[in-house]
Amino acid sequence: MHMHKYEKWWLTLGTSSLVLFLVILGISAFHQGHEPPSAKAYVDPERVDEYKPFNEPGLHKVEGKDWDYELVFVASAFYYDPGVVEIPKDSTLKIIATTKDVIHGFEVAGTNINMMLEPGYISEYTTTLDQAGEFLIICNEYCGVGHHTMKSMIKVVE
Ligand code: CUA
């Protein structure tokens, strides 16, 4: 097969830049130990239920912290625990969430809350919900056959 010399140069350039970028990506990911930005704590994904606060998923009033409530979520294929939660409007809230099995998403539709839940990591998000209404929580990471059924809800009440 005849190949024009420019075509060879182009192929060589394309292939070597691809390899170069993959090497850079690999080095930065593995060597520097990259991990999810919001995950500052770890949990054994197979024993999530045994660890605080995941042994009691749901809304908890807290004292002496910068937030009024802690909302603990445990995700697994294909549901969230709790399924629905009610929160008084204008309360400051820290969402603490993890997953028991595969990667799930945690997006609260109509807000800026959007986290990735990864097995072994604890994801956190602090916010104030200042709008009353029903906010759907959806999984936005494909996690299996039941992915599209995976949801929960935050009801912000006056
Ligand atoms: Cu869980 Cu998609």
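Is Lys65 buried, partly exposed or exposed in terms of relative accessible area? With a relative accessible area of 43%, Lys65 is partly exposed, where buried denotes a value under 20%, exposed a value over 50%, and partly exposed the range in between, as evaluated with a 1.4 Å probe on protein chains only. The model is a predicted one, in which local features need pLDDT of at least 70 and side-chain atom pairs count only at pLDDT 80 or more, whereas totals for chains, interfaces and linings use all residues. Residues are numbered from 1 along each chain as its sequence is written, and side-chain values rest on heavy atoms, with hydrogens and water left out.

The protein chain is divided into domain 1 (1-32) and domain 2 (45-157), with bounds that come from an automatic or database domain assignment. Between the C-alpha centres of domain 1 and domain 2 there is a separation of 41 Å.

Lys65 is the partner of Glu70 in a salt bridge whose closest N and O atoms are 3.0 Å apart, a salt bridge being a side-chain nitrogen of Lys or Arg within 4 Å of a carboxyl oxygen of Asp or Glu. Glu70 belongs to strand S3 (residues 69-76), where helices (H or I, at least four residues) and strands (E, at least two) are DSSP runs numbered from the N terminus. In contrast to the partly exposed Lys65, Glu70 counts as buried because its relative accessibility is 12%. The side chain of Glu70 is also joined to that of Trp67 by a polar contact of 3.0 Å; such a contact is a pair of N or O atoms within 3.5 Å, of which, within protein, one must be able to donate a hydrogen and the other to accept it, and residues adjacent in sequence count only if both atoms are side-chain atoms. When neighbours within four places in sequence are left aside, Glu70 is in contact (heavy atoms within 4.5 Å) with Gly58, Leu59, His60, Val62, Lys65, Lys94 and Ile96.

Seven salt bridges are found in a search of the whole structure. One of them links the side chains of Lys94 and Glu124 at 3.4 Å, N to O. Since Lys94 lies in strand S6 (residues 92-99) and Glu124 in strand S9 (residues 121-128), this pair ties together parts that are 30 residues apart in sequence. Lys94 counts as buried at 13% relative accessibility, while Glu124 is partly exposed at 30%. Salt bridges with shared partners join Lys89, Asp90 and Glu158 into one network, within which the closest N and O atoms of Lys89 and Asp90 are 3.8 Å apart. Lys89 is partly exposed, with a relative accessible area of 27%, and Asp90 is likewise partly exposed, at 46%.

The count of aromatic pairs comes to five, for rings of Phe, Tyr and Trp (its six-membered ring) with centres within 6.5 Å, planes under 30 degrees apart being stacked, over 60 edge-to-face and the rest tilted. The rings of Phe73 and Phe106 have centres 5.0 Å apart and planes at 65 degrees, so the pair is edge-to-face. Because Phe73 lies in strand S3 and Phe106 in strand S7 (residues 104-108), the pair ties together parts that are 33 residues apart in sequence. Phe73 is buried at 0% relative accessibility, and Phe106 is buried with a relative accessible area of 0%. Together with Tyr80, Phe73 and Phe106 form one aromatic cluster.
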